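Thank you for making time this morning. I would like to walk you through one structure, beginning with its charged side chains and then turning to its nonpolar interior.

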Amino acid sequence: MLDRTDTTTAMTEAWLAQFNEALAAGNAARLKPLFQPDSYWRDVLALTWRFTTLCGADEIVPAFAALAHKARLANVRIAADRAPPRQVARAGTSAIEAIVIFETAQGRGNGILRLIADESGAPKAWTLLTALDEIKGHEEKLGRERPRGEAYSRDFRG
């Protein structure tokens, strides 16, 4: 596996490009070669609207393809404002770890993608986390947009 950040970023971007193309085509057969046979996918409300964990490419790929199509998952990309993809060791396994962001028809989310090399050296997903951050139309009000005033104040003094 490669150690340089620019190479890990390039490998991650290449994997994500293939992933997004397979999602756009709605083709589970194109998704399967992107996952390790013993991979894991954890979804936290983003596609399943539940906390779900699936194990193994044979279980993940058909479920992911159907749910991604239904949720209209798109634009999965490296999070620009977070740490870049990097070489890590997780559970004694050398992997590329990347923080990703994405959109669905209902919301926006982020996740963690870990890629490991197969026998030929090609990166494949070992673990993938997808988590919902916000529901479109109900974004958190931040900074100057935060609510102020008496309607939002409480006096808990008795």
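**Charged pairs and the core**

Let me begin with E97, which is buried, because its relative accessible area is 9% and the cut-off for buried is under 20%. Please keep in mind throughout that what you see is a predicted model.

Which side chain does E97 meet in a salt bridge? The partner is R90, and the N to O distance in this salt bridge is 3.1 Å. R90 itself counts as partly exposed, at 28% relative accessibility, so this salt bridge joins a buried residue to a partly exposed one.

A second pair that I would like you to find is D118 and K124, whose side chains meet in a salt bridge with an N to O distance of 3.7 Å. Here D118 counts as buried at 16% relative accessibility, and K124 is buried as well, with a relative accessible area of 16%. Returning to the pair I began with, E97 and R90 belong to one network with R86 and R114, joined by salt bridges that share partners.

The third pair is K136 and E103, which form a salt bridge with their closest N and O atoms 3.3 Å apart. This pair links distant parts of the chain, since E103 sits in strand β5 while K136 lies in the segment after β7, 33 residues apart. Both ends are partly exposed, K136 with a relative accessible area of 29% and E103 with 27%. In total, the count of salt bridges in this model comes to nine.

Now let us move to the nonpolar side of the picture. How many residues does the largest nonpolar core have? It has 30, and those with the most contacts inside it are F19, L31, F35 and F64. Among the elements that give two or more residues to this core are the helices α1 (5-25) and α3 (57-71), together with the strands β1 (35-44), β3 (74-78), β5 (93-103), β6 (107-117) and β7 (123-135). The element that gives the most is α3, with seven residues.

To finish, look at F35 and leave aside its neighbours within four places in sequence: F35 is then in contact with F19, A57, I60, V61, K124, A125 and L128. You will recognise K124 in that list, the residue whose side chain meets D118 in a salt bridge, so K124 is a buried residue that also touches F35.

Notes
Residues are numbered from 1 along each chain as its sequence is written. This is a predicted model: local features need pLDDT of at least 70, side-chain atom pairs count only at pLDDT 80 or more; totals for chains, interfaces and linings use all residues. Side-chain values use heavy atoms; hydrogens and water are left out. A nonpolar core is a set of buried Ala, Val, Leu, Ile, Met, Phe, Trp, Tyr and Cys residues joined through side-chain atoms within 4.5 Å. Buried means under 20% relative accessible area, exposed over 50%, partly exposed in between (1.4 Å probe, protein chains only). Helices (H or I, at least four residues) and strands (E, at least two) are DSSP runs, numbered from the N terminus. Contact means heavy atoms within 4.5 Å. A salt bridge is a side-chain nitrogen of Lys or Arg within 4 Å of a carboxyl oxygen of Asp or Glu.
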